[in-house]
Amino acid sequence: MPQPTVIWWVRRDFRLRDNPALVAAGHAGSVLPVFVLDDALWAPAGPARRAFLAGCLEDLQRSTNGALVVCHGDPTSELAALARSTGAAAVYAAADFGPYGRRRDDAVAAALEAGQVELRWVGSSYAVDPGSVVKGDGTAFKVFTPFSRAWAAHGWDRPFPGPVGIGWADGPEGKGIPEAPAHDAELPTAGEEAGLRRWDRFRDGALLDYDKRRDSPAGEHTSRMSAYLKWGCVHPRTLLADLDVARKGDAAFRAELCWREFYADVLWHQPGSARRALQPQMAGMALDSGPLADAHFQAWSQGRTGFPIVDAGMRQLLAEGWMHNRVRMIAASFLVKDLHLDWTRGARWFMDHLVDGDLASNSHGWQWVAGTGTDAAPYFRVFNPTTQGQKFDPDGDYVRRYVPELRAVAGKAVHEPWAQPLLAGGYPERIVDHKEEREEALARYQAVRR
Ligand SMILES: Cc1cc2nc3c(=O)[nH]c(=O)nc-3n(C[C@H](O)[C@H](O)[C@H](O)COP(=O)(O)OP(=O)(O)OC[C@H]3O[C@@H](n4cnc5c(N)ncnc54)[C@H](O)[C@@H]3O)c2cc1C
């Protein structure tokens, strides 16, 4: 008897291994993998993320022996039409917990139901689905540490077996994989194999000292798995199963994976927090606008503030579509507390340029720094970009890698303001005085508290 056709709707799960939605689809029939290129997500993605996504599509097309169908348009009408034309019995997909994804998925489910096709949700891009871990009184966690304890106690599945015996269905001609847009960033290789290779290398190397070295941006001390996790080329379950949390490096790494899950959980409970301060009184903070503020934003975004660690980070973002976590914090703090600009402006720039740009982690990373979010750093804790640079890039190697004007400055002197104009050709003078702007930031904070 011929197998029924079922659709596997690929969204953020570009992999064949450890993929429960694909396993379930494979048990139900011949699988037609479908990706719908939705303008609502493609348009704001920025060149680096679009190029990485195009690479993920190519990788999946190869690993499914060309079965992947890529449609362009509104997922509601595209999937309903495809289910009709292929006679698909059901559609399988991993659940999405973001604000746009939830609205889209409700609409798709209703359209499919009208055609008597069931949409079955299996798994998600998280080890523990957002919304599943709550406090004893049933409300959401607002603080990371208790969330992380409850998350670990909740636990997660072992990785699901690989794609054994999947029969791929023949589908209609799709519209094809979109052209990777022109971009200058040097991006990681997209796809499942590349993600797993990167994980193996990190697990067998830098993971051991991750707890001690993860804050040093100069070397390769972190996993750089973020883009693979964002697109589901590798699932966090696969990483968690490899960890032995009796070792400090592994325990520190698991905590970082948990931050990703915590922020997704916060966003699930409070979808408005993607763009609005979680702490309502902080929304009243006085912010700068006008031509000088615009010039400051321009200098920040191009890595020309005259603060070497900030500039190195912002130039790393332009060069690689990625920035080290410690430097993301320093650069974000500089925008909010030294330039007094709205965090959402910086968050948008990050989303335009990050290959790992993820609404939950980005918005809440920014809110943490800006002191407006759940479990945020208190607003009065203002990073000093010079001492942060000296502490986390003590030899100056990170700055010299991304700021060529400062390559002639030796050692940690690269962070000293006096050394820069004397020794460096063409490097800008500092656009603000950190000490004064810190006082200004604290005064504005006191004003909203009152
Ligand atoms: C202002 C700001 C914006 C950020 N925007 C994003 C974003 O858009 N997308 C994104 O994936 N991460 C974001 N982060 C979190 C973090 O900077 C990146 O996940 C990390 O730098 C990715 O590098 P890695 O894979 O080498 O991390 P590793 O140190 O190897 O960590 C392993 C994984 O844990 C997760 N993780 C680590 N730190 C965090 C964190 N603080 N919050 C949430 N998840 C974390 C990531 O999935 C990461 O890949 C942001 C942080 C800040 C301060």
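## Contacts with the ligand

A polar contact here is a pair of N or O atoms within 3.5 Å. This is a predicted model, and Y210 offers one such contact: an N or O atom in the Y210 side chain sits 2.5 Å from an oxygen atom of the ligand. R224 joins in through its backbone, with an N or O atom 2.6 Å from a ligand oxygen. Then there's R328, where a polar side-chain atom lies 3.3 Å from an oxygen atom of the ligand. With all that going on, the protein covers 96% of the 820 Å² of accessible area that the ligand has on its own.

## Who lines the shell

There are 27 residues around the ligand, and the ones that come nearest are Y210, T222, S223, R224 and N325. Sorted by class, the shell has 13 nonpolar, 8 polar and 6 charged residues.

As for elements, α9 (226-230), α11 (248-269), α14 (325-338) and α16 (359-370) each give two or more residues to the shell. α11 has the largest share, with 6 residues. On the domain level, domain 2 (125-159 + 192-269) and domain 3 (280-449) each supply at least three residues.

## Strand β1

Now for strand β1, residues 5-9: 5 of its 5 residues are buried, so the rest of the structure largely encloses this strand. Both faces are covered, with T5, I7 and W9 buried on one side and V6 and W8 buried on the other.

β1 pairs with strand β2 (residues 30-37) in the parallel sense, over 5 bridges. Within that pairing, V6 has V31 of β2 as its bridge partner.

Notes:
Residues numbered from 1 in each chain as written. Predicted model: local features only at pLDDT ≥ 70, side-chain atom pairs only at ≥ 80, totals over all residues. Heavy atoms only, no water. Near = heavy atom within 4 Å. Polar contact = N/O pair within 3.5 Å; in protein donor to acceptor, adjacent residues only side chain to side chain. Areas by Shrake-Rupley, 256 points an atom, 1.4 Å probe, with all protein chains shown as cover. Helix = DSSP H or I, 4+ residues; strand = E, 2+ residues; numbered from the N terminus. Nonpolar A, V, L, I, M, F, W, Y, C, P; charged D, E, K, R; others polar. Domains from an automatic or database assignment. Buried < 20%, exposed > 50% of the residue type's maximum accessible area, 1.4 Å probe, protein only. Pairing = 2+ DSSP bridges.
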